[in-house]
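Hi,

Here is the structure I said I would pass on. Have a look at it first, and then read my notes below.

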Amino acid sequence: MPLVRLIYGSSVTEKFTGDEIRNLLVESRKNNAKKNITGILWFNRNYVMQALEGDAADVNALYLKISTDARHKSLMLLDYRPINKREFSRWSMGLVPEIKRIKEILIIYTAKGEFNPYTLVGDIATDFLISLREEVVSE
Ligand SMILES: Cc1cc2nc3c(=O)[nH]c(=O)nc-3n(C[C@H](O)[C@H](O)[C@H](O)COP(=O)(O)O)c2cc1C
C-alpha cells in the first residue's frame, strides 16, 4: 500500500484531561512505532489536530479507531493524500501543546489569528502543522 498522510481536526470532550493525555501519548507512541506510523498532535483547550503518516492500510485503520475515541468528537478529515516523503518522520507522535508563539503562526494561516481546525483544510492544514515542527516538546 502507498505511503499517505492523513490530517484531521476534532473537538476535545471533558474526558481529554492531563492524565488522559499522558496515557494517550504513551499508548500511541508504542502502537505507532510498531506500525512505522509517524505524526504530530497539536491541541489546545478546545481542539485537536493530528497528522498521521504511514502505510495507507495502517493509517486508515488507526483513523477508524481514533474516530470512535470518547476523548474527542466531531472529527473532520482535513487532508488525505499519497506522499513522496514524510514530514514528521522524527516522531511516532510529536506533541505540541498550547504555546505562546502560536499566535504568530496562526496569523499566517488564518483571517483572525484564531485556531479552529475545521477551517484549515488541504495544503493549509499540512503547512500549518509543518510550521509547528519546531515546537514539538516531547518525542
Ligand atoms: C486525539 C487522539 C489521538 C490519538 N492518536 C493515536 C495515535 O496516534 N495512535 C494510537 O495508537 N492511538 C491513538 N489514539 C488512541 C486510540 O483512540 C485508542 O485509544 C488506542 O489506539 C488504543 O486502542 P486499543 O485499545 O484498541 O489498542 C488517539 C486518541 C485521541 C483521542
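Let's start with a pair of strands: β2 and β3 (residues 47–55) run antiparallel to each other, paired over six bridges. Keep in mind that this is a predicted model. The link between β2 and β3 is a hairpin of three residues. β2 also has a partner in β5, but there the pairing is parallel and covers three bridges.

A handy residue for finding your way around here is W42. In β3, the residue opposite W42 is M49, and in β5 it is V96.

How much of β2 is covered? Strand β2 spans residues 38–43, and six of its six residues are buried. In a regular strand, side chains alternate between the two faces of the sheet. In β2, T38, I40 and W42 point one way, while G39, L41 and F43 point the other way. Both sets are buried, so in this strand neither direction leads to an exposed residue, exposed being over 50% relative accessible area and buried under 20%.

Now for the charged side chains. Searching the whole structure turns up 11 salt bridges, and I'll go through a few of them.

One of them joins E20 and R71, with N and O 2.8 Å apart. E20 sits in helix α1 (residues 18–34), whereas R71 is in the loop between α2 (56–67) and β4 (72–82), so this contact ties together parts that lie 51 residues apart in sequence. The two ends are not covered alike: E20 is partly exposed, at 26% relative accessible area, while R71 counts as buried at 15%. This pair also belongs to a network, in which salt bridges with shared partners join E20, E27, D69 and R71.

Another salt bridge is formed by the side chains of E87 and R133, again with an N to O distance of 2.8 Å. Which parts does that one connect? E87 is in the loop between β4 and β5 (94–96) and R133 is in the segment after α4 (123–131), so parts 46 residues apart in sequence are tied together. R133 is partly exposed, with a relative accessible area of 28%.

Lastly, E104 and R101 form a salt bridge whose closest N and O atoms are 3.5 Å apart. R101 is partly exposed too, at 30% relative accessibility.

If you want a place to begin in the viewer, try W42 with M49 opposite in β3, and then move on to E20 and R71.

Cheers

Methods. Residues are numbered from 1 along each chain as its sequence is written. This is a predicted model: local features need pLDDT of at least 70, side-chain atom pairs count only at pLDDT 80 or more; totals for chains, interfaces and linings use all residues. Side-chain values use heavy atoms; hydrogens and water are left out. A salt bridge is a side-chain nitrogen of Lys or Arg within 4 Å of a carboxyl oxygen of Asp or Glu. Helices (H or I, at least four residues) and strands (E, at least two) are DSSP runs, numbered from the N terminus. Buried means under 20% relative accessible area, exposed over 50%, partly exposed in between (1.4 Å probe, protein chains only). Two strands pair if DSSP finds at least two bridges between them.
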